[in-house]
There are 2 protein chains.
Amino acid sequence: MSPDISTIKHYLLTLQATFCQQLQQADGGGEFVTDNWQRSEQGGGRTCALAEGAVIEKAGVNFSHVYGKKLPAAATHQRPELLDATFQAIGLSLIVHPRNPYVPTAHANIRFFVAEKPNQAPVWWFGGGFDLTPYYGFVEDCVHWHRVAQTACQPFGDEVYPQYKKWADDYFYLKHRQENRGIGGLFFDDLHRWDFNTCFAFMRSVGDHFLPAYLPIVERRKNMSYGESERKFQCYRRGRYVEFNLVYDRGTLFGLQWGGRTESILISLPPQVSWYYDWQLAPDSAEARLREDFLTPRDWLAL
Amino acid sequence: MSPDISTIKHYLLTLQATFCQQLQQADGGGEFVTDNWQRSEQGGGRTCALAEGAVIEKAGVNFSHVYGKKLPAAATHQRPELLDATFQAIGLSLIVHPRNPYVPTAHANIRFFVAEKPNQAPVWWFGGGFDLTPYYGFVEDCVHWHRVAQTACQPFGDEVYPQYKKWADDYFYLKHRQENRGIGGLFFDDLHRWDFNTCFAFMRSVGDHFLPAYLPIVERRKNMSYGESERKFQCYRRGRYVEFNLVYDRGTLFGLQWGGRTESILISLPPQVSWYYDWQLAPDSAEARLREDFLTPRDWLAL
């Protein structure tokens, strides 16, 4: 079956509206503003941004549908034979940076690629996932997050969640820090293991399970009181987020290499960030426990 | 003549001490702390860090002397034939992030590489330079900075300053922003155009001219009064510095790829940074003029 991009596009735009509406409601203060943008002959997109909300310090929900004559290296990691193919890419990505250090940062992305070379059948694949980055770890939040991730995968086979959970642990990893970005979730790429309709259904299941995974955690943590020291630690840890996105993240590098809209791509960067040289955390503090107990891959569903 | 690394090492360590002593004196409040570090079989270094000084919000002066069995890709940009050669790298780098937005950020680096392959003569080269990143532009500062850069190059030929000035303009460029990082200065790499002694003398000239280029600008600007809005703009512009260092900077990528000491490599990142989505500056404001009048390559010595 040949890929039906208009159906995917409709789904992604509807999900974008749902994300914005639900996040705005959870925030109770801020409002998303929408920028529609076009690049002649290269496609366009719709970027929704919320700044300085009551709960959310910065959030972005990006839809884009772009096409090009040359698939960038960052998109063909596992498909070197497609370097230089013409391509279409359509996707939705979300980032939420809450103000309260007890509320974790969340990221989700779902995307679809078609690449074509002369006299060859189109090659298509899906990619995506979601991952959570706490500043202070709560086991019940991690268990909830991964339980919903498992639920999203369950209809597609028992092996799917463990595979894509492990892929997230492997992918969201800062090699130079020897540290995971957060507690992971799901990550998949080059997905064409099932027929088109099943792959598309899987992508929708991941997209549809993001809010049920995240919003209960936001509700549980958003009114916890915090002080300057928790805020300082949050801003410091956000530095790791920047390091990951600019040094390793395939979507970010794809966008920057391809010449995408920089403001939409880098909306993922946190609003306030600090770097201190060689900051040593007090042993046994909650801050030190984050790394030891939460930023190392664990089987959260075995707890 | 075969390269004499101990002489280079002595020069770099002496210059490091001078940098710290002079910057500390200019600061008048903060103090550098020194970390000596070793990696077994991979060399070591000396990192000097100053935080929360009176004038300097964060500064780092790094000496390192490392060796390895496999030259990383980032170091062999122009020398693919040396991929996999064993190597030694010795260098000094400096970064100063002042607190006052009217004082520019400064960076300097000088380095020496030797690469060896079995049954081949050692290949050596020098690299380095210095560049200035203002938040608010002052023409007289730019002219002074480039005049000292020219003075550093003058004994080595009239063509040297224009060449390495242009290389800095080309190198310190954020492609995804279509914007230069700052007003440039000098950049050189793969330097072996003269004999070893002359190349080493040139590297020393660059190293010795950094403080005369920078300190008069610090003195001129450090007592200018500023408010929240200038500080906000400084923290926002520092985001560009982070983007450059993590996405493009060869030294940073070399260090991270090779598995260097992360805290020493990333000491270059600013202490407080902000990213706002699609911030629009007021037309004709000092903030808007920075980009138009200062972040586009100019011949500052023709003014």
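# Notebook: strands and helices in a predicted model

I began with a turn in chain B: six residues form the hairpin that takes β4(B) into β5(B). I noted at once that this is a predicted model.

**Entry 1: around β4(B).** I looked up the two strands of the hairpin, and β4(B) and β5(B), the latter spanning residues 105–116, run antiparallel with 11 bridges between them. For one pair of residues across them, I found B:A89 opposite B:F113 of β5(B). Then I checked β3(B), residues 56–68, which runs antiparallel to β4(B) and is joined to it by 12 bridges. There B:G68 has B:F87 of β4(B) as its bridge partner. Is β4(B) enclosed or open? I counted 10 buried residues among the 13 of this strand (residues 86–98), so β4(B) is largely enclosed by the rest of the structure. A reminder to myself: side chains in a regular strand alternate between the two faces of the sheet.

**Entry 2: the sheet in chain A.** I moved to chain A and traced an open sheet of seven strands, in the order β1-β2-β3-β4-β5-β6-β9, with antiparallel pairing. Which strands are at the edges? They are β1 (33–39) and β9 of chain A, each pairing on one side only. From one strand to the next I read an average twist of 5°. I also looked at β3(A) (residues 56–68) and β4(A) (residues 86–98), an antiparallel pair with 12 bridges. In that pair, A:N62 faces A:S93 of β4(A).

**Entry 3: helices across that sheet.** I found that α4(A), residues 196–221, lies across β4, β5, β6 and β9 of chain A, at about 15° to β6(A). Helix α6(A), residues 250–258, lies across β3, β4, β5 and β9 of chain A, and its angle to β3(A) is about 55°.

**Entry 4: helix pairs in chain B.** I looked first at α1(B) (residues 5–27) and α4(B) (residues 196–221), whose axes are 11 Å apart at an angle of about 5°. The two helices are therefore roughly parallel to each other, as the cut-off for that word is under 35 degrees. Their contact includes B:L12 and B:F19 from α1(B) and B:F200 and B:L211 from α4(B). By kind, the contact residues are 13 nonpolar, four polar and three charged.

Next came α2(B) (residues 139–153) and α3(B) (residues 160–171), whose axes come within 8 Å and cross at roughly 125°. That angle makes α2(B) oblique to α3(B). The residues that meet are B:H146, B:A149, B:Q150 and B:C153 of α2(B) with B:V160, B:Y161 and B:K165 of α3(B). I sorted them into four nonpolar, two polar and one charged. This crossing is right-handed.

**Entry 5: positive phi angles.** I looked up A:D190, which is not a glycine yet has a positive phi of about 55°. A:D190 belongs to β9(A), residues 184–191. Is A:D190 buried or exposed? It is buried, as its relative accessible area is 13%, and buried means under 20%.

B:N119 also has a positive phi, near 65°, without being a glycine. I located B:N119 in the loop between β5 and β6 of chain B. B:N119 is exposed, with a relative accessible area of 85%.

My last stop was α6(B), residues 250–258, where the buried residues include B:F254, B:L256 and B:W258. Following α6(B) is B:G259, with a positive phi near 90°.

How values were computed
Residues numbered from 1 in each chain as written. Chains lettered and ligands numbered in written order. Predicted model: local features only at pLDDT ≥ 70, side-chain atom pairs only at ≥ 80, totals over all residues. Heavy atoms only, no water. Axes fitted to C-alpha atoms, helices over the stretch in contact; angles between N-to-C directions. Helix = DSSP H or I, 4+ residues; strand = E, 2+ residues; numbered from the N terminus. Parallel < 35°, antiparallel > 145°, perpendicular 65-115°, else oblique. Left-handed = near helix turned anticlockwise from the far one by under 90°. Contact = heavy atoms within 4.5 Å. Nonpolar A, V, L, I, M, F, W, Y, C, P; charged D, E, K, R; others polar. Buried < 20%, exposed > 50% of the residue type's maximum accessible area, 1.4 Å probe, protein only. Pairing = 2+ DSSP bridges.
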